[in-house]
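Q: I'd like a close look at a single part of this model, with its surroundings filled in afterwards. Could you walk me through it in one go?

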Amino acid sequence: EREFTGPIVESFENRIAKLTNRKYAVCTLTCTLALYFACRAVSIVEGFGKNILSQAYVHIAPVSQAMAAGFNVYLNDIDEYANISLTNDYDVDFSCIIFAGLFGNTIDYDELEKFKNKFNIRYSIDDNAQSFGSLWKGNPAASYADISCISFDVRKVLTSPFGMGGMCLTDNEELYNLIKSFRAYGSVTGSVGSDQKTDYIGGTNGYLPQQLAAALMVSLDHFEEELIRRKEIWRYYRESLSDLPLD
């Protein structure tokens with residue numbers, strides 16, 4: 001696969017993995033692809049046609065990609081922080097939960113683990129696009145879920161010049177190998193583009209170009225500055241809107 005990724009992409013993946021305390025990082029062309037790869041990896045491990053719990057107030061990407069990966073999607077309401085409400089009012093078994101930390105907020109990951117254990121939910125997928133850079137109990141928010149997906153869109157704190165790029169983060173080697181194969185046309189043996197025999201499980205061209213990875217390496221050098229700026233903007237809006245009747 002290396003002829004399609006290259007050393008710059010690999011270096012960027014290694015830096016993000018270290019930043020988020022993760023074993024594995026896989027760059028993708030978009031965060032939407034990252035979400036699809038994450039859902040599909042879980043669906044293959046769990047078996048197609050399984051149920052997944054998500055939230056009603058969220059960008060369409062996690063829900064649509066869960067459906068594309070073969071899940072039956074059920075929606076929960078959100079709490080006061082725009083996080084998924086950790087309740088199960090459905091008479092079905094869930095194999096996975098997919099959620100998003102909106103507006104820089106993070107879910108209570110301790111409560112998430114209790115919820116998973118209570119209802120025998122094996123996997124969690126975190127759409128970490130908006131909460132990337134946030135901390136939970138001093139650790140990166142992207143370090144908790146079974147798979148965390150991040151975005152390098154122009155509206156995020158770590159951005160590429162053209163708004164492209166995403167990533168899957170995980171500590172699970174099986175899921176990591178599946179996600180890597182999906183971005184390489186689903187190749188699971190051999191080398192794509194060589195004379196060696198290659199087997200496929202189905203995939204796509206989901207690689208991040210090296211040029212974008214190089215630009216993201218520069219952006220990563222200024223990541224802490226961007227996080228400080230995000231907090232400044234948050235304080236500005238909080239103070240400016242403090243007198244409005246928002247109860």
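Which residues are exposed on the other side of α2?

A: Those are N14 and K18. Keep in mind that this is a predicted model, and let's build up the picture of the helix around that pair.

Helix α2 covers residues 7-19. Its 13 residues should span 18 Å at 1.5 Å a residue, and the end C-alpha atoms are indeed 18 Å apart, so expectation and model agree. Now for the covered residues: V9, F12, E13, I16 and A17 are buried in α2. They sit on the same side of the helix, because together they take up an arc of only 135° around the axis. The background is simple: an α-helix has 3.6 residues a turn, so residues three or four places apart point the same way. N14 and K18, the exposed pair, are on the other side of α2.

Follow the chain out of the helix and you come to N21, just after α2. This residue belongs to the loop between α2 and β1. Its phi is positive, about 60°, although N21 is not a glycine. That deserves a second glance, because most residues other than glycine have a negative phi. K137 is another case, with a positive phi near 55° in a residue that isn't glycine either. You'll find K137 in the loop between β6 (135-136) and β7 (139-140). K137 counts as exposed because its relative accessibility is 61%, and the cut-off for that label is over 50%.

Past the N21 loop comes β1, residues 24-28, and here the setting is a covered one: 5 of its 5 residues are buried. Y24, V26 and T28 point one way from the strand, A25 and C27 point the other way, and all of them are buried. That back-and-forth fits the general pattern, since in a regular strand the side chains alternate between the two faces of the sheet.

So who are the neighbours? β1 pairs with β9 in the antiparallel sense, over 5 bridges. If you want one contact to look up, V26 has C168 in β9 as its bridge partner. Strand β9 (residues 166-170) also pairs with β8, again in the antiparallel sense and over 5 bridges. There, T170 of β9 is the bridge partner of I147. I147 has a bridge partner in β5 too, namely I125. The β5 strand, residues 123-127, runs parallel to β8, and the two pair over 3 bridges.

β8 itself (residues 147-151) has 5 of its 5 residues buried. Both of its faces are covered, with I147, C149 and S151 on one side and S148 and I150 on the other.

One last stop takes us to another helix. From L19, the C-alpha of S240 is 33 Å away, and the two residues are 221 residues apart along the chain. S240 lies in helix α8 and counts as partly exposed because its relative accessibility is 43%. Y236 is in α8 as well, a helix that runs over residues 223-240. At 53% relative accessibility, Y236 counts as exposed. Together with I233, Y237, L241 and L244, Y236 makes a nonpolar surface patch of about 510 Å².

Note on methods
Residues numbered from 1 in each chain as written. Predicted model: local features only at pLDDT ≥ 70, side-chain atom pairs only at ≥ 80, totals over all residues. Heavy atoms only, no water. Buried < 20%, exposed > 50% of the residue type's maximum accessible area, 1.4 Å probe, protein only. Helix = DSSP H or I, 4+ residues; strand = E, 2+ residues; numbered from the N terminus. Pairing = 2+ DSSP bridges. Expected span 1.5 Å × (residues − 1). Arc of directions from axis to C-beta. Patch = residues over 30% accessible without salt bridge, like charges linked within 9 Å, V, L, I, M, F, W, Y side chains within 5 Å. Areas by Shrake-Rupley, 256 points an atom, 1.4 Å probe, with all protein chains shown as cover. Salt bridge = Lys/Arg side-chain N within 4 Å of Asp/Glu carboxyl O.
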